[in-house]
Amino acid sequence: MASGFFVLLDDIAAIMDDVAVMSKVAAKKTAGILGDDLAVNAEKASGFASSRELPVLWAISKGSLLNKVIILPIAFVLSAFLPVAIIIILVLGGLFLAYEGAEKIYEFIFPHHHEESEGITDETFTEEEILEAEKGKIKSAIVTDFILSVEIVIIALGTVMGQPLSQQIIVTSIIALVATVGVYGIVALIVRMDEAGYKLIKFSKKEKSISKFIGNILVKALPLVIKSLTVIGTIALILVAGGIFVHYIPFLHHLMEEINVPSIIKEFVTGLVLGFAVLAVISLFKKIFGKKEVA
């Protein structure tokens, strides 16, 4: 009886080791989307009065958790009864990610005019208008999070396809939890960088001091950090999309095996080409239907 107990412990330890390894692989696969998720949410949680940034971020975080609660059971049911649907969703999601990355690059090369929106501060809006604007930004952030969460869950699930359902559930749930707690925890630190900087500047009474120097760096670094995350997130989006296409589309998989270049280049070029192809098709549809509406 005692030996049976120790065998059970060995089995549990082996399962946990497998879960740890698969979780690490899944985390690497979803890192690109997590980077974009981080950049998007850092942008959406900024622009408020400093006293409202954390409450808004907390509201978005709760919405993100609810998204995962909705998405995870559906993903597990599909994995158990219709696994081919996971591949289809992965490829469709890859097209969306590649399109989003290509659109950002296109916007950078050929910038379009966008109306500048004022920050939501106490000086420019009444209390009622602030709350209404917050609701709008929170809703927009949660919708964006839902799309990215679908991809995070499906990509994580795709890395453990073929494994027992219990391990699929554990690994994918871990990644989903890390995606929420990790991303929004880092976002909270990012959006408070300037506030911490201002406090350090006020703390020092001397004209030149270490605290004032660090405070100025934190204040100036915030927009640079968000821009850097946007660039890194865009590159990561294309790489993630390219990886999906190369690994899950048989034609591309066999084609890329014959090309003797590093896999990261194959995935980036594949994601970029298909991303711009989707961008071209969508732009064409917009022009056609736009003309019909005008007519």
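A residue counts as buried under 20% relative accessible area, as exposed over 50%, and as partly exposed in between. This tour, which uses those terms throughout, concerns a predicted model.

**The whole chain**

Begin with the entire chain displayed as a cartoon. Nine helices and zero strands are present, so that the pattern read along the sequence is α-α-α-α-α-α-α-α-α. The chain has 295 residues, of which 37% count as buried. Consider next the contacts between residues at least 6 apart in sequence: 78% of them join residues at least 24 apart.

**The largest nonpolar core**

Select Leu90, Leu97 and Leu157. Within the largest nonpolar core, which has 22 residues, these three have the most contacts. Colouring the contributing helices is useful here: two or more residues of this core come from each of α2 (50-81), α3 (83-109), α4 (127-158), α5 (165-191) and α7 (210-248).

Now keep Leu90 and display its surroundings. Beyond its neighbours within four places in sequence, Leu90 is in contact with Glu151, Ile154, Ile155, Gly158, Ile244 and Tyr248.

Proceed to Thr172, which is located in helix α5. Is Thr172 buried or exposed? Its relative accessible area is 0%, and Thr172 is therefore buried. If residues up to four places away in sequence are set aside, Thr172 touches Leu72, Phe76, Val153, Ala156, Leu157 and Val160. Leu157 in that list was selected at the start of this section, among the residues with the most contacts inside the largest core.

**A second core and two buried residues**

Select Ile60, Ile138, Tyr184 and Val191. They are included in a second, separate core of nine residues.

Tyr184 leads to the next selection, Ser64, a residue of helix α2. Ser64 has 0% relative accessibility and therefore counts as buried. Apart from residues up to four places away in sequence, Ser64 touches Asp145, Thr180 and Tyr184.

Ile60 leads to Ala141, which belongs to helix α4. With a relative accessibility of 1%, Ala141 also counts as buried. Draw a distance between the C-alpha atoms of Ala141 and Ile60: the separation is 6.7 Å, although the two residues are 81 residues apart along the chain.

**The crossing of α7 and α8**

Select α7 together with helix α8 (residues 250-257). Two packed helices are described by the angle between their axes and the distance between the axes. In this case the axes come within 5 Å and cross at roughly 95°. Angles of 65 to 115 degrees count as roughly perpendicular, and α7 and α8 are therefore roughly perpendicular to each other.

Show the side chains at the crossing. On α7, the contact is made by Phe245, Val246, His247 and Tyr248; on α8, by Pro250, Leu252, His253 and Met256. By class, this contact has six nonpolar, two polar and no charged residues. Tyr248 of α7 has appeared earlier on the tour, as a contact of Leu90.

**The aromatic pair**

For the last stop, how many aromatic pairs does the structure hold? It holds one. Select Tyr106 and Phe110 to find it: the ring centres are 5.1 Å apart and the planes stand at 45°, so the pair is tilted.

The definition at the opening applies to both members. Tyr106 has a relative accessible area of 34% and is therefore partly exposed. Phe110, with a relative accessible area of 47%, is likewise partly exposed.

Conventions. Residues numbered from 1 in each chain as written. Predicted model: local features only at pLDDT ≥ 70, side-chain atom pairs only at ≥ 80, totals over all residues. Heavy atoms only, no water. Core = buried A, V, L, I, M, F, W, Y, C linked by side-chain atoms within 4.5 Å. Buried < 20%, exposed > 50% of the residue type's maximum accessible area, 1.4 Å probe, protein only. Helix = DSSP H or I, 4+ residues; strand = E, 2+ residues; numbered from the N terminus. Contact = heavy atoms within 4.5 Å. Axes fitted to C-alpha atoms, helices over the stretch in contact; angles between N-to-C directions. Parallel < 35°, antiparallel > 145°, perpendicular 65-115°, else oblique. Nonpolar A, V, L, I, M, F, W, Y, C, P; charged D, E, K, R; others polar. Phe/Tyr/Trp six-rings, centres within 6.5 Å; stacked < 30°, edge-to-face > 60°.
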